[in-house]
Amino acid sequence: MPHPVSVTHWPYPRWIAHRGAGQLAPENTLAAFKLGARHGFRMFECDVKLSADGLPFLLHDDKLERTSDGRGAAGDRTWAELSRLDAGSWHSPAFAGEPLASLDAVADFCLAQGYLLNIEIKPSPGLEAVTGTRVAQAAARLWRDAAPPPLLSSFQPASLQAARLAQPELPRALLLNESRPDWLQTALELGCVAVVCQHRLWDESRVHQARQAGLRTLAYTANDESTVQKLITLGLDGIITDRVDRFGPGT
Ligand code: G3P
Ligand code: MG
């Protein structure tokens, strides 16, 4: 049994590439992961939801239009249908024909290369709990005894709670895009090891509160010099960026 992730045993690097390679490649595709890796990144964030037949795959939006040639709600399509879509042409001709990525394919890629993963559980509306359950089960199966396991994060407490019930050993992080009075209590009640805040939310006081509570501190999405400097000065444990060409290991 690998050593569980905790505030004292934190195996993840500071720099995390957002959606694979930010905006330099079609987000959440294997092409993006490969590009992020070529820029030196060793950990990646991605958004994962369920197909109609329950397979976890990578997509940010509820709908298919923005990042593929599909139409309508992604969660209404089976994986057989989704896997035939072009998720690259919308970005640029160089990526034409790039498919949507299943979580299985991303796990294979990461495990083969020794890369680490932050899986953001991004449920289709109404599927918060089942998505948390299925993603956690898939992650546990795919990583089995591999260490370190993926860090599961979500804006949805119901998804994190379901993930916890399904696979309590997998590390969890609460995502926050705005300040809320119960943020610390919610993270602790969900048994989280970390909080991942929109970068503007971090200041000395919030970092102190998180650390005092035994939580690691991560921020998204830091894309400019002054933001990155602020986060480094605050000593954040993780910085998620789109600008894989500008920041990263060595910054
Ligand atoms: O997981 C951090 C970040 O990806 C959360 O926001 O909308 O880019 O998924 P979003
Ligand atoms: Mg995300």
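Author: A residue is called buried when its relative accessible area is under 20%, exposed when that area is over 50%, and partly exposed in between, as judged with a 1.4 Å probe and protein chains only. This is a predicted model, in which local features need pLDDT of at least 70 and side-chain atom pairs count only at pLDDT 80 or more, whereas totals for chains, interfaces and linings use all residues. Residues are numbered from 1 along each chain as its sequence is written, chains are lettered from A and ligands numbered from 1 in the order in which they are written, and side-chain values use heavy atoms, with hydrogens and water left out.

Reader: Why is Arg-180 called partly exposed?

Author: The relative accessible area of Arg-180 is 25%, which is neither under 20% nor over 50%, so the residue falls in between.

Reader: What makes the pair of Arg-180 and Asp-182 a salt bridge?

Author: A salt bridge requires a side-chain nitrogen of Lys or Arg within 4 Å of a carboxyl oxygen of Asp or Glu. The closest N and O atoms of Asp-182 and Arg-180 are 3.0 Å apart, so the pair meets that limit. Asp-182, at 31%, is also partly exposed.

Reader: How do you know whether Asp-61 is buried or exposed?

Author: Its relative accessibility is 18%, which is under the limit for buried, so Asp-61 counts as buried. The side chain of Asp-61 meets that of Arg-66 in a salt bridge, with N and O at 2.8 Å, whereas Arg-66 is partly exposed at 36%. Both residues belong to a network of salt bridges that also links Arg-19, Glu-27 and Asp-47, and by the same rule the count comes to ten salt bridges.

Reader: What makes His-18 a polar contact of ligand 1?

Author: A polar contact is a pair of N or O atoms within 3.5 Å; within protein, one must be able to donate a hydrogen and the other to accept it, and residues adjacent in sequence count only if both atoms are side-chain atoms. A polar side-chain atom of His-18 lies 2.7 Å from an oxygen atom of ligand 1, so the distance satisfies the rule. For Lys-122 the distance from a side-chain N or O atom to a ligand oxygen is 2.7 Å, and for Glu-120 it is 2.8 Å.

Reader: Which residues surround ligand 1?

Author: Near it, meaning with a heavy atom within 4 Å, are His-18, Arg-19, Glu-45, Asp-47, His-60, Glu-120, Lys-122, Phe-155, Leu-175 and Tyr-220.
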